[in-house]
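Work through the exercises below with the model open. Each task is followed by a stepwise solution.

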Amino acid sequence: MLNYFLAIAREENFTRAAEQLHITQPTLSRQIADLEQELGVKLFIRSNHNIVLTEDGMILKRRAQEILSLAEKTKRDFRNKDENLEGVISIGSGEFLSTEFLTDCISEFRKKHPLIHFEIYSGNAGNIRDYIERGLLDLGLMSEPIDIRKYEFIAMPVQEQWGALVREDSHLADRKFIHPQDLVDIPIISSTNEFTESTVGKWFGEYASQLNVIAKGNLLYNEAMLAKSNIGAVICIRLNCTYEGLRFIPFSPALTTDTALAWKKEQFFSAAAASFIDFSKKYLKGISDNEL
């Protein structure tokens with residue numbers, strides 16, 4: 001029935017939705033009426049030409065998409081429990097230097113299991129934790145600290161270095177390092193929502209309250225474009241990429257953070273995901289041991 005509801009929400013028309021579903025319009029109308037009665041809410045506002053979702057309808061649309069996505073993922077997991085390991089592994093990741101270690105790990109794993117496919121979701125730690133909790137992601141690469149009551153994790157073998165991304169014509173561009181007081185009079189673009197409570201905010205110390213954070217984002221490319229348009233300086237981590245007209249200047253005293261590949265404790269995993277977790281533990285530990 002959720003498929004019927006989503007078809008109507010997508011087409012905004014009962015006739016077109018019925019044609020797409022290969023059922024009659026009266027049958028579709030009856031199914032939706034039964035769904036509205038079961039839920040005790042009105043899902044659509046009907047007119048002669050089209051329909052629009054009510055507020056309750058919009059909530060159900062979002063939940064229905066998640067439910068059907070999770071159901072499909074579960075079916076794939078059950079279909080692929082054979083000797084020739086197959087399946088899809090869903091991983092969330094922020095933008096980190098450590099992402100390269102994750103992708104190298106995926107590459108080595110696929111050499112052993114070429115029938116495995118991966119879905120990579122880009123987001124911040126909050127988004128990724130939420131998707132793991134809902135069962136839409138198997139694992140997530142995120143900044144530490146990790147809640148050890150909920151998650152198991154593997155520490156990544158590299159630290160993330162913080163600094164500022166500034167225009168090449170900025171008076172800060174020739175600096176070897178940037179100190180907290182250097183950014184007081186400059187508009188700031190940040191990837192951190194709770195700036196003053198964050199690790200970065202604490203690094204600024206007494207100067208944190210004097211900063212002028214004029215924009216926030218969750219993708220460094222977008223933030224870099226703001227800096228390139230001379231809107232401000234981006235507070236970010238160093239990545240293995242460059243942006244024309246911008247320079248990354250590290251913080252002094254140095255500020256570094258750790259990342260980890262995490263998954264939910266006591267979670268049922270498909271054979272593919274469970275095998276990848278075991279492989280990742282050995283692969284990433286091997287890298288860490290070699291660096292010692």
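**Exercise 1. Place Asp182 and list what surrounds its side chain.**

Step 1. Leave aside neighbours within four places in sequence: Asp182 is then in contact with Leu172, Arg175 and Phe177. Contact means heavy atoms within 4.5 Å.
Step 2. Locate the residue. Asp182 sits in the loop between β7 (160-167) and β8 (187-190). Helices (H or I, at least four residues) and strands (E, at least two) are DSSP runs, numbered from the N terminus.
Step 3. Check burial. Asp182 has 16% relative accessibility, so it counts as buried. The classes are buried under 20% relative accessible area, exposed over 50% and partly exposed in between (1.4 Å probe, protein chains only).
Step 4. Look for a polar partner. The Asp182 side chain reaches the backbone nitrogen of His179 at 2.7 Å. A polar contact is a pair of N or O atoms within 3.5 Å; within protein, one must be able to donate a hydrogen and the other to accept it, and residues adjacent in sequence count only if both atoms are side-chain atoms.

Two notes on the model. It is predicted: local features need pLDDT of at least 70, side-chain atom pairs count only at pLDDT 80 or more, and totals for chains, interfaces and linings use all residues. Residues are numbered from 1 along each chain as its sequence is written, and side-chain values use heavy atoms, with hydrogens and water left out.

**Exercise 2. Which residues of the largest nonpolar core touch the most other members?**

Step 1. Apply the definition: a nonpolar core is a set of buried Ala, Val, Leu, Ile, Met, Phe, Trp, Tyr and Cys residues joined through side-chain atoms within 4.5 Å.
Step 2. The largest such core has 57 residues, and Leu183, Phe251 and Phe276 touch the most other members.
Step 3. Helix α9 (residues 271-291) gives the most to this core, with seven residues.
Step 4. A further core of 15 residues lies apart from it, including Ile8, Phe14, Leu28 and Leu43.
Step 5. Return to Leu183. Not counting residues up to four places away in sequence, Leu183 touches Ala164, Leu172, Ile178, Ile188, Phe204, Leu211, Ala233, Ile235 and Phe251.

**Exercise 3. Trace the open sheet and the helices that pack on it.**

Step 1. The sheet has five strands in the order β4-β3-β5-β13-β6, with mixed pairing. Two strands pair if DSSP finds at least two bridges between them.
Step 2. Its edge strands are β4 (116-122) and β6 (151-155), each pairing on one side only.
Step 3. From one strand to the next, the twist averages 25°.
Step 4. Helix α5 (residues 99-112) packs on the sheet and touches β3, β4, β5 and β13; its direction makes about 165° with that of β4. Axes are lines fitted to C-alpha atoms, for helices over the stretch in contact, and angles run from 0 to 180 degrees between N-to-C directions.
Step 5. α6 also packs on the sheet, touching β3, β4, β5, β6 and β13, and its direction makes about 155° with that of β5.
Step 6. Inspect the ends of α6 (residues 125-133). Asn124 caps the N-terminal end, with a side-chain oxygen 3.2 Å from the backbone nitrogen of Gly126. Just after α6, Gly135 takes a positive phi of about 85°.

**Exercise 4. How does β5 pair with β3 and with β13?**

Step 1. Strand β3 (residues 87-93) pairs with β5 in the parallel sense over three bridges. Gly92 has Gly140 as its bridge partner in β5.
Step 2. Strand β13 (residues 259-264) pairs with β5 in the antiparallel sense over four bridges. Here Gly140 has Ala262 as its bridge partner.
Step 3. Four of the five residues of β5 (residues 139-143) are buried, so the strand is largely enclosed by the rest of the structure.

**Exercise 5. Describe the packing of α2 against α3.**

Step 1. α2 and helix α3 (residues 25-39) pack at about 105°, with their axes 9 Å apart.
Step 2. This makes α2 roughly perpendicular to α3. Angles under 35 degrees count as roughly parallel, over 145 as roughly antiparallel, 65 to 115 as roughly perpendicular and the rest as oblique.
Step 3. α2 contributes Phe14, Thr15, Ala17, Ala18 and Leu21; α3 contributes Gln25, Leu28, Ser29 and Ile32.
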